[in-house]
Amino acid sequence: MTAIGKPLDRVDGLLKVTGQARYAGEFPEQGLLHGSVVSSSIAKGRVIKIDASRALALPGVVEVIHHLNRPKIASYDDAFQDADAADGSPFRPLYNDRVLYSGQPLALVIADNLELARHAGSLVEIEYATEAFETDLAAVQEQAHPSPQTPPGPRGNFQAEWAGAAISLDLRYSTPVEHHNPMEPHASTVLYQADGTLHIHDKTQGPQNCQAYVQKVFGLDKSQVRIFAAFVGGAFGSGLRPQYQLPLAVMASLALKRSVRVTLTRQQMFTFGYRPRTLQRLQMGAAANGRLLALGHTAIGQTSRFEDFSEHVVEWSGMLYHCDNVQLTYKLAPLDVFTPLDMRAPGAALGVIGLECAMDELACALAIDPVQLRLINYAERNQNEDKPWSSKALRECYSEGAERFGWSQRNPEPRSMRDGRQLIGWGMAGGVWEAMQMKASAKARIDAHGKLTVSSATTDIGTGTYTVMTQIAAQASGVSVDDVTFVLGDSSLPTAPLQGGSFTVSSVGTAVQQACEALADKLLEVARQTYPVFKDAESVRFEEGQLHTGDVSVSLAQLVKDSGQDAMEVQVDSEPDKKRESYATATHSAVFVEVRVDEDLGTIKVSRVVSAIAAGRVVNPKMARSQILGGVVWGVGMALHEETQIDHHLGRYMNHSLAEYHIPVNADIGEIDVVFVEEHDEIVNALGSKGVGEIGIVGVAAAVANAIYHATGKRVREFPITLDKVL
Amino acid sequence: MSATPNGAADQPFVSHSIRLSLNGQERQLDVLPWTTLLDLLREQLDLVGSKKGCDHGQCGACTVLRDGKRINACLTLAVMCDGAELTTIEGLATGDQLHPMQQAFIKHDAFQCGYCTPGQICSAVGLVNEGRAHDSAQIQELMSGNLCRCGAYNNIRDAVQEVLGGEQ
């Protein structure tokens, strides 16, 4: 069987190209009510008065819910803590009169239709008592405190080695606030059932995470809440925590005993989690031959006053290169803003900018080719954990990527390559992301027609989960791909972790594989009991819906009938194999970028990218390539476009729209060549597959920045690199 | 188009009756003057294939075809569509036979989450109708009103190019 490794088209493709795929805010019901959120216009203070009389006077406006009249919700932090919660005291929507950030939801208007709800929202008058606030990370960086999630401790003697090195660099980089902005705004449709239970279609990366949240916050029984998420219109981390439209819609539904939908506006998509602004310092000491002698990486990230959001920003600097004297420091500075949130390759997308730009600066200082410098300092072990890698084909990424790109033709001199008035620059960077595995469960069921249904409470946020799980199930069971259905996006299904961190194939895929293998064992047992030829058969194989031995075969459908049941099913709970514990596991990449910078206007175009990826076994090359393409596009956005700008006098985002928060458009993206290098890994999991959702973005922004330096001779260390900074 | 008062006499809300062809079907609809075409489709007719990504004409997710031309349904009032021939993503296929653009999008994996996809496909069909795009760079430029946060741009380009190539 070869279902794994085939470029199968998306099994949900037909529903998506015909408009039949329904997303969270698209489930109609007779009498459905519509909620519109009223947001705070101040950054900090108290609500003195909420006057909803003008809104309530409109025919068709049913209710205005706010902190004074909301249904009862939990009063302890642990009820609000979800599976991706940061350290601290989670935000509680409509809890009391405190305003913690600009854009905070303060009221929900519920009306018969969407337009009326929105209009009525504009009539709700709120009186505030404002307080002094701070939203500028740069202004408070000296008061930053160590993150509760501490990076690996220092090794060797960083300070002395750095001070005494032949070349020592001390460089500072900064990255801005960025917002996920999935194309589908966050939405929750709460369908109030006749028995008082709630069926909720929610935009989430974890149906069971949202189920537990609603259950705990509203003091309900688990059986009273069921969350669905069959289709999710992108998330990139924004659906890892329950967002506030969910509890608001539930409040309204419980208060009115009606079905309610709440969809956020695009502007409100800027009023919850985001990628935090960071200030980074890279200190590198090297010998004249290029050996890294000392590496220090300090990062300060912003967080909210109520939670300490931590991510792995600096860890990568202790593991991507061999270095015996390392000091990693990670601090947080609280501001009057909402808590940041994991966003595609959280931490790595930020920290690797500093690390890989600094490596390029070091290569220039040493007059060593940037690829060569990385090879000189190749890490054979993960020194953070002092463990060998389960597999690591980063050398092959460098060599195959360089070959595809034509790197050997590069003139190292900045401003040495041009096409008329276009300065051409070639830059590169490496990338790394953890290959994690979580506990997960799956159920496999085969019926008397030979149709296999496999299920787990995961999601498909565009990553191709429906498709790759179908392939894994087909491979493990011997059922043809066409006869396999994978079911997800329902909290009542077997337990799955959040869909994030590139661990869905590793975690849920392993559970699916094990469930299907266990089902095949049961089918074989039926065959042995039913047919003499299979009784002692040593060599059997499952293929195309049949069980074979020698020239004899029997259909799996027949075996189900032979079992005397309508269907046979197996549910398994899988967990990471113990053998992983002695190894470090990671995906790696090498990214090569060509930019064209207009000498007169400073406009920057990324004309060509080669992304070479080592991620173990690729389950579906078509889907995996798409994941990497998307990661590269995100990296280009980080490098050149994306920045949520805040007016620190108002403590409010200024460019909270898709016209002014620029995400890359089609014309911004040049050629992208994706290479998956061979990498065999029998330790990471039984599939040998490491996941590809994050690795595509890591290193891209640094490679673009390095190419811009090569084109222009100008180092820009403040991201994004807009044209004004290169002129 | 005719106007009739809606609801109680003291309310100034007036709904308008419009006739249009929607995905090949003749429809007569009563719409309020402020209702956008997008809200008409999604909220009143349950044609949710046309997506709302921004409601401000900034993302293209709501792109539909009016008389063969691509428009942003969120920036178009429903009353402006009196007499129009509208095609949404739900009306592109002929029975079980997908439109070539839909087939090309599947073949080239020109989408991931699928939320921008109906708008991308309608926009691409409109682009082919315009006859303005002849090469990859022109496709890129003329498809840049449709955002894709998953970053499927290269595949979208390939899908559109294949259909354009087949037309020429």
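1. A polar atom of the Gln140(B) side chain lies 2.8 Å from the backbone oxygen of Ile669(A). The distance comes from a predicted model, as do the other values in this note.

2. Gln140(B) belongs to helix 4 of chain B, which covers residues 136-142. Its relative accessibility is 9%. Because buried means under 20%, Gln140(B) counts as buried.

3. What is Gln140(B) in contact with, leaving aside its neighbours within four places in sequence? In chain A the partners are Lys605(A), Asn666(A), Ala667(A) and Ile669(A); in chain B the partner is Arg157(B). Ile669(A) is thus named twice for this residue: in the list of contacts and through its backbone oxygen.

4. A separate point concerns chain A. An unreviewed UniProt entry lists residues 18-132 of chain A as "domain: Aldehyde oxidase/xanthine dehydrogenase a/b hammerhead". In the model, this span is 14% helix and 32% strand. The C-alpha atoms at its two ends lie 51 Å apart.

5. Chain A also has an open sheet of three strands, in the order 5-2-7, with antiparallel pairing. The edges are strand 5 (98-99) and strand 7 (125-130) of chain A, each of which pairs on one side only. In general, strands of a sheet pair through backbone hydrogen bonds.

6. How many bridges join strand 2 of chain A to strand 7 of chain A? There are six, and the two strands run antiparallel. Strand 2 of chain A covers residues 45-51. One residue pair can be picked out: Ile50(A) has Ile126(A), in strand 7 of chain A, as its bridge partner.

Definitions and conventions. Residues are numbered from 1 along each chain as its sequence is written. Chains are lettered from A and ligands numbered from 1 in the order in which they are written. This is a predicted model: local features need pLDDT of at least 70, side-chain atom pairs count only at pLDDT 80 or more; totals for chains, interfaces and linings use all residues. Side-chain values use heavy atoms; hydrogens and water are left out. Helices (H or I, at least four residues) and strands (E, at least two) are DSSP runs, numbered from the N terminus. Buried means under 20% relative accessible area, exposed over 50%, partly exposed in between (1.4 Å probe, protein chains only). A polar contact is a pair of N or O atoms within 3.5 Å; within protein, one must be able to donate a hydrogen and the other to accept it, and residues adjacent in sequence count only if both atoms are side-chain atoms. Contact means heavy atoms within 4.5 Å. UniProt positions are given in the numbering used here, feature names are shortened, and annotations may be inferred rather than shown by experiment. Two strands pair if DSSP finds at least two bridges between them.
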